[in-house]
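Subject: Structure for your review

Dear colleague,

Please find below the structure that I am handing over to you. My findings follow it, set out by region so that you can read them beside the model.

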Amino acid sequence: MKSLFKNKQASPEIQDFPVLPVSRWSDTVAENLLDALPQLICTKTRSQRLFCNQAMRCYTGTLAIEMNDPEFWQLYIHPEDHEYFLAQWFKGLSELQHIEITCRIKDSTQQYHWFSISAVFPAMDNELEWLISCTDIDDQIINQQKLAQQISAQTQMLDASVDCIKLLSQKGQVISINQPGREALGISHDVTSFGMPWLNLLAPHVRKNGQRALQAAAQGKKARFDGITQVENGNPQYWDNILTPILNHEGLPQNILCVSRDVSEQRITAEKLHQLNERDDLTGLYNRRAFKKLLSKTLQQSKRNTTSTALLLLDLDYFKHINDAMGYVAGDHLLRVLGKRLKNCLDSNAYVSRLGSDEFSIILPETGDDQDILNIAAKLQKQLDLPIRYNGQFLNGSMSIGYAVYPRDAKDSSALLKCADIALNNLKSGGRGGIQMFSQSMLDVLEESARQLILARQLIRDNSIFPFYQPKVRLKDKKLVGFEALLRWRDEHGDVQLPSRIYKSFQDYDLATRISEKMQTSVFQDIAQWLKQDTKVLPVSINAAPVEFLRDNYAETLLKRMQFYKIPPELIEIEITELSLAEGGASYVIRALNLLKKAGLRISLDDFGTGHSSLTRLKDYPVDCLKIDRSFVVGMQNDPSILAIVRAISQLGPGMSLDILAEGIEVTEQLNTLIDCDCHIGQGFYFYQPMSSSDALQLLQKN
């Protein structure tokens, strides 16, 4: 008797069925056995007997009597799966091969579910023609479809991204790449397996940075680095690469997500903005910001190569006159033309910058000796010798150049700039036009000035400034006729010091006015105290620095202080120097002197003959006294020409109604010579040394 299920090609589920005699196939035992199974089972014998188990009948809602139709089950296959099912079915039937089909079967509610259908076709000598076993895999298929949809959606999202996205292993091998990444790397879309080292995809010069980022990501740290690729026959592409570790459920790195973003457009835009920020709008040359970077970079390179670098600072002489006379448009035209000429007359390794209105700088890397620098500077100066025309007129000018050399003069960029600036200012202070090389003596002078200014501020802060009084006498009888208030201050040891150690402070408006305020206040307080003691007070002269007149309020401020201390105007004399009348603010000085003169104060012109004296202008000044400088008094004994000057000044007095006073008288011979010259008043150590307020009071009382 043959076995119903004895078939080498049966599925595992079918092979587990018990072996039953064919003659007993319709036995209740066999049917009960198949009905007990959870799979949907359907069989057909060669005698055209069809049997469906209980699970099949329940699922399809088909009665057993309806199952006599051998093709009934085909009515339950989903229309979309029907063609595929039939093709596989007839192939298995013709070849008597076991087949596996996945398709959808309709249930009793007209709904379809996914099943895995296993069909067995026994040999021809077997009573059984075929047997079908259907296993419900609907949940599995639906989950797979959902997963596939998610994967597809994620893939579409990744492919839709403008970024190049790569999934890497911990060792840096490529697992997957999205479509933009394939296109950027030139990988065909057909390639589905990768495994190549990610670092090999980078440009050689950025692999070291990529290696560091990969190591950091493999340790669970987020990493970032810049990259660049050169596309053949195209512009370079700049990339921002971010590596993010993907952690497992234990928090350990499992894979690495590399996101590379093309930032070429942003980089190019940033470079253009950077260039705009470092270029002068008017001339197109480097601006001050770029100059500082270039100077620092050049000095670093010079240090590595042990070479010298020269820094030249150029300043146009009297450029303001062009703006004032012809307008700013003409001045701008001059700067544009000059900027172009300066750049064209230098080697390509030199850097030309415009630092300010009419200031230019030249950086000369790997320069030669001073003679080479002087030759280049002279070449630069000649750029203004060629005519520059604007609106039918020639723009003429000259330039001053100061320079310093690294590392001879300075060890860093800021110090080198300071040295070149010192050289330029030194040149301009002595007269414009020319070329000035920095020397240490210039820095020494500047540092000394800085020390004096610092000291002056400290003295003001500590209230250490006070007046000493030097008597003025009538030369013939040595009778006291007045005092000159001289500035003195005490050092940390209490010793009295001279004003020469803070001389530079008198060229600074703020310091000079603050010192003047302290001196005037102290003198007025002393005079007020002397007047209270019924002492016959003689006039006191007070020195005024030229810068004190720059705000055009000197006279008003002085008179207000005198009024506060109730000082009679006839007791105050103001001493100015010829320099005050020669500088640009001379109109302010003359206005103040006229106002003081009108108020009853006397005006004395100090150091007469040492400056730019002008006898024709002297008659226009409200001056009461001329003071012969000490240098004339000292030199007149041995130099006839100086003696002639002293005699000439002394003879001016009677004709111009001026008093003549000689300073620095120290010996009898000087006194006699001055008397012979008809000079009537003098002061000096021959008579008295400067004295304190109390000593001056005693001298007044004795007088």
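I begin with helix α13. In this predicted model, the buried residues of α13 are L416, C419, A420, I422, A423, L424 and L427. These buried residues pack against two helices, α9 (288–305) and α14 (440–462), and against the strands β11 (309–317), β16 (398–406) and β17 (434–437).

The length of α13 can be checked by a short calculation. The helix runs over residues 413–429, which is 17 residues, and at 1.5 Å a residue it should span 24 Å. The C-alpha atoms at its ends are 24 Å apart, so the expected and the computed span agree. After the helix comes G431, whose phi is positive, near 125°.

Two features lie on either side of α13 in the chain or beside it in space. Ahead of it, P407 sits in the loop between β16 and α13. The peptide bond that joins Y406 and P407 is cis, with omega at about 0°.

How do α9 and α13 cross? Their axes come within 9 Å and cross at roughly 110°. Angles of 65 to 115 degrees count as roughly perpendicular, and α9 is therefore roughly perpendicular to α13. The crossing of these two helices is right-handed. On the side of α9, the contact is made by F291, L295, S296 and L299, while α13 contributes S413, L416 and L417. Sorted by class, the contact of α9 with α13 has five nonpolar residues, two polar residues and no charged ones. L416 thus appears both among the buried residues of α13 and in the contact with α9.

A second pair of helices may be read in the same manner. Helix α15 (residues 509–532) and helix α16 (residues 554–565) pack at an angle of about 30°, and their axes are 10 Å apart. Because angles under 35 degrees count as roughly parallel, α15 is roughly parallel to α16. The crossing of α15 and α16 is right-handed. From α15, the residues in the contact are E517, Q520, T521, F524, Q525 and A528; from α16, they are Y554, L558, R561, M562 and Y565. The contact of α15 with α16 divides into six nonpolar, three polar and two charged residues.

I turn next to some single residues. R602 lies in strand β23 (residues 602–608). Is R602 buried, partly exposed or exposed? Its relative accessible area is 28%, and R602 is partly exposed because values from 20% to 50% fall in that class. Leaving aside residues up to four places away in sequence, R602 touches I572, E573, I574, D624, C625 and D659. One of these, C625, is 23 residues from R602 along the chain, and the C-alpha atoms of R602 and C625 are separated by 8.1 Å.

Two residues other than glycine have a positive phi and deserve your attention. K478, with phi near 60°, is in the loop between β18 (465–474) and β19 (479–490). K478 is partly exposed, at a relative accessible area of 43%. S657, with phi near 55°, is in the loop between α21 (640–656) and β25 (659–662). S657 counts as exposed because its relative accessibility is 67%, and the cut-off for that class is over 50%.

F121 is also in a loop, the one between β4 (112–120) and β5 (128–136). Its relative accessible area is 1%, so F121 is buried, the limit for that class being under 20%. F121 and L131 are ten residues apart in sequence, and their C-alpha atoms are 6.8 Å apart in space.

Finally, here are the totals for the chain. The protein chain has 23 helices and 26 strands. Of its 703 residues, 44% are buried. Among contacts with a separation of 6 or more, 57% are made by residues 24 or more positions apart.

Yours faithfully,
A colleague

Conventions. Residues numbered from 1 in each chain as written. Predicted model: local features only at pLDDT ≥ 70, side-chain atom pairs only at ≥ 80, totals over all residues. Heavy atoms only, no water. Helix = DSSP H or I, 4+ residues; strand = E, 2+ residues; numbered from the N terminus. Expected span 1.5 Å × (residues − 1). Buried < 20%, exposed > 50% of the residue type's maximum accessible area, 1.4 Å probe, protein only. Contact = heavy atoms within 4.5 Å. Axes fitted to C-alpha atoms, helices over the stretch in contact; angles between N-to-C directions. Parallel < 35°, antiparallel > 145°, perpendicular 65-115°, else oblique. Left-handed = near helix turned anticlockwise from the far one by under 90°. Nonpolar A, V, L, I, M, F, W, Y, C, P; charged D, E, K, R; others polar.
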